Amino acid sequence: MSDDATTDRLDYVEWADRLRDGDLVGQECAECGHTTAAPKAACARCGSRTLATVTLPTDGIVHSETTVAVPPEGFAGEYQVAVVRLGDAKVLGRIDGTVDIGDRVSFADVLVTDDHPAPVFEPV
């Protein structure tokens, strides 16, 4: 964590650029230690604006999952997405393969659609 966490503010553009480079980052609150996987202006738990950018673990556990049976325009066929717990943080990502709640997954790739990246996880 940096000494001046408020100047270490992670915004969507930086988060997306780092994800495209294969770097999973989030934010950790200096006040309560809560970690999020996506950029926030304030801590979701305590409201503090003293947040620092942190590197997230690349291995996690499936917290919830669903299968998209009718894909939106631009996507082909059925696919699965999941909320993956990475340490204290949770991130929504695409699943390469099939998983159930509680399965272990690993960060494997990045899917970019309309210039917006999303992490891709695969079963371990």
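Before I turn to the sheets, one definition: two strands count as paired if DSSP finds at least two bridges between them. With that in mind, and remembering that what we are looking at is a predicted model, let me start with glutamate 28, which stands opposite alanine 52 in strand E3. The strands concerned are E1, residues 25-29, and E3, and they are joined by five bridges and run antiparallel.

These two strands belong to an open sheet of three, in the order E2-E1-E3, with antiparallel pairing. Its edge strands are E2, at 35-36, and E3, at 51-55, each of which pairs on one side only.

While we are in this part of the chain, please look at histidine 34, which lies in the loop between E1 and E2. Is histidine 34 buried or exposed? Its relative accessible area is 16%, so histidine 34 is buried, the cut-off for that word being under 20%. If we leave aside residues up to four places away in sequence, histidine 34 touches Gln27, Glu28 and Cys29, and also Cys43, Ala44 and Arg45. Glutamate 28, then, appears both among the contacts of histidine 34 and opposite alanine 52 in E3.

Let me move on to the other sheet, which is a closed barrel of five strands running E4-E5-E6-E8-E7, with mixed pairing. On average, and ignoring direction, neighbouring strands of this sheet are turned by 45° against each other.

I will go round the barrel pair by pair, beginning with E5, residues 79-86, and E6, which pair in the antiparallel sense over seven bridges. Leucine 86 stands opposite alanine 89 in E6, and the two strands form a hairpin with two residues between them, where glycine 87 in the turn has a positive phi of about 65°. E6 itself, residues 89-95, is mostly covered, with five of its seven residues buried.

In which sense do E6 and E8 pair? Here the pairing is parallel, over two bridges, and within it arginine 94 stands opposite valine 120 in E8. The side chain of arginine 94 deserves a second look, for arginine 94 also lies over the face of tyrosine 79, at 3.8 Å from the ring centre.

Continuing round, E7 and E8, the latter covering residues 116-123, return to the antiparallel sense and pair over eight bridges. Phenylalanine 107 has phenylalanine 121 as its bridge partner in E8. These two strands also form a hairpin with two residues between them, and in this turn the residue with a positive phi, of about 50°, is aspartate 114.

That leaves the pairing of E4, residues 59-68, with E7, residues 104-113, which run antiparallel and are joined by three bridges. Among the residues of E4 taking part, glycine 60 has valine 105 as its bridge partner in E7, and isoleucine 61 has arginine 104.

Finally, the helix. H1 lies across E7 and E8, and runs at about 45° to E8. Which residues of H1 are buried? They are Trp15, Ala16 and Leu19, and because they cover an arc of only 95° around the axis, they are on the same side of H1. What covers these buried residues includes E1 from the open sheet, as well as E7 and E8 from the barrel.

Tryptophan 15 brings us to the aromatic pairs, of which the count comes to three. In one of them, tyrosine 12 and tryptophan 15 form a tilted pair, at 5.8 Å centre to centre and with 35° between the planes. Both residues lie in H1, residues 12-20, three residues apart, which is about one turn of the helix. As a general point, an α-helix has 3.6 residues a turn, so residues three or four places apart point the same way. The two partners nevertheless fall into separate classes of exposure: tryptophan 15, at 11% relative accessibility, counts as buried, whereas tyrosine 12 is partly exposed because its relative accessible area is 37%, and that class runs between 20% and 50%. Just after H1, glycine 22 takes a positive phi of about 85°.

To draw this together, the model has an open sheet in the order E2-E1-E3, a closed barrel of five strands, and a helix, H1, lying across E7 and E8, with E1 included in what covers the buried residues of that helix.

Definitions and conventions. Residues numbered from 1 in each chain as written. Predicted model: local features only at pLDDT ≥ 70, side-chain atom pairs only at ≥ 80, totals over all residues. Heavy atoms only, no water. Phe/Tyr/Trp six-rings, centres within 6.5 Å; stacked < 30°, edge-to-face > 60°. Helix = DSSP H or I, 4+ residues; strand = E, 2+ residues; numbered from the N terminus. Buried < 20%, exposed > 50% of the residue type's maximum accessible area, 1.4 Å probe, protein only. Lys NZ or Arg CZ within 6 Å of the ring centre and 35° of its normal. Axes fitted to C-alpha atoms, helices over the stretch in contact; angles between N-to-C directions. Contact = heavy atoms within 4.5 Å. Arc of directions from axis to C-beta.
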